[in-house]
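Trainee: Could you take me through one part of this model in close detail? I'd like to look at the helix that holds a histidine and at what lies around it.

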Amino acid sequence: MINLYVTPSCTSCRKAKAWLDEQHLPYIEKNIIATPLSIDELKSILRLTEEGTEEIISYRSHAYQNLTVDIEELSLEHLLDLIHKNPELIRRPILTDERRIQVGYNSDEIRCFLPRDVRKLEFQRIQQELSLEAN
């Protein structure tokens with residue numbers, strides 16, 4: 001199951017949701033402003049990242065710009081608590097499943113959430129098109 005973490009006014013969130021709907025992929029949508037992520041949810045998301053909190057924090061957000069603390073100085077526990085209390089610090093959308101994460105909307109990268117057999121068929125179709133063009 002895909003988890004989609006969004007905020008209501010986020011254009012990229014609407015794009016991700018529309019893409020999931022177009023692909024008929026089931027997902028659970030969570031508005032992180034109305035229902036902030038729990039510490040355990042944040043840890044689950046971070047386990048999927050390659051860059052840790054660097055990957056999920058929105059450094060250009062007003063919430064980040066208005067911080068009165070240096071997040072580099074915080075322990076992980078305090079940083080997670082800060083993010084939990086200030087969900088606007090999180091980049092969005094965030095899409096996750098058991099093994100993958102995508103932070104932000106990228107029309108190419110989001111395809112990793114397609115089932116393997118669908119991706120395989122699509123790859124074969126592209127190969128056929130390229131083969132026809134070469135002839």
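Mentor: Sure, and let's fix one term up front: a contact means heavy atoms within 4.5 Å. This is a predicted model, so local features need pLDDT of at least 70, side-chain atom pairs count only at pLDDT 80 or more, and totals for chains, interfaces and linings use all residues. Residues are numbered from 1 along each chain as its sequence is written, and side-chain values use heavy atoms, with hydrogens and water left out.

On to the helix. His84 sits in α5, which covers residues 76–85. Helices here are DSSP runs of H or I with at least four residues, strands are runs of E with at least two, and both are numbered from the N terminus. If you skip the neighbours within four places in sequence, His84 touches Pro36, Leu37, Ser38, Ile39 and Leu42. His84 is called partly exposed because its relative accessible area is 28%; buried means under 20%, exposed over 50%, and partly exposed in between, using a 1.4 Å probe and protein chains only.

Two other residues of α5's number range turn up elsewhere: Thr53, again leaving aside neighbours within four places, has Leu76 and Leu79 among its contacts, along with Leu46 and Tyr59. Thr53 belongs to helix α3, residues 53–56, and counts as buried because its relative accessible area is 17%.

Now go back along the chain from α5. The loop between α4 (62–65) and α5 holds Asp70, which is partly exposed because its relative accessibility is 41%. Asp70 joins Glu50, Glu51, Glu54, Glu72 and Glu73 in a negatively charged surface patch. Such a patch takes residues with over 30% relative accessible area and no salt bridge, joining like charges within 9 Å. A salt bridge, for that purpose, is a side-chain nitrogen of Lys or Arg within 4 Å of a carboxyl oxygen of Asp or Glu. Each charge is placed at NZ of Lys, CZ of Arg, CG of Asp or CD of Glu, and the areas come from the Shrake-Rupley method with a 1.4 Å probe. Glu73 and His84 are eleven residues apart along the chain, with 17 Å between their C-alpha atoms.

For the wider setting, the chain has six helices and four strands, ordered β-α-β-α-α-α-α-β-β-α from the N terminus. Its C-alpha trace spans about 60 × 25 × 25 Å along the principal axes, and 33% of the 135 residues count as buried.

Note on methods. Patches are made of residues with over 30% relative accessible area and no salt bridge: like charges are joined within 9 Å, nonpolar side chains (Val, Leu, Ile, Met, Phe, Trp, Tyr) within 5 Å. Lys and Arg count as positive and Asp and Glu as negative; His and the chain ends are not counted.
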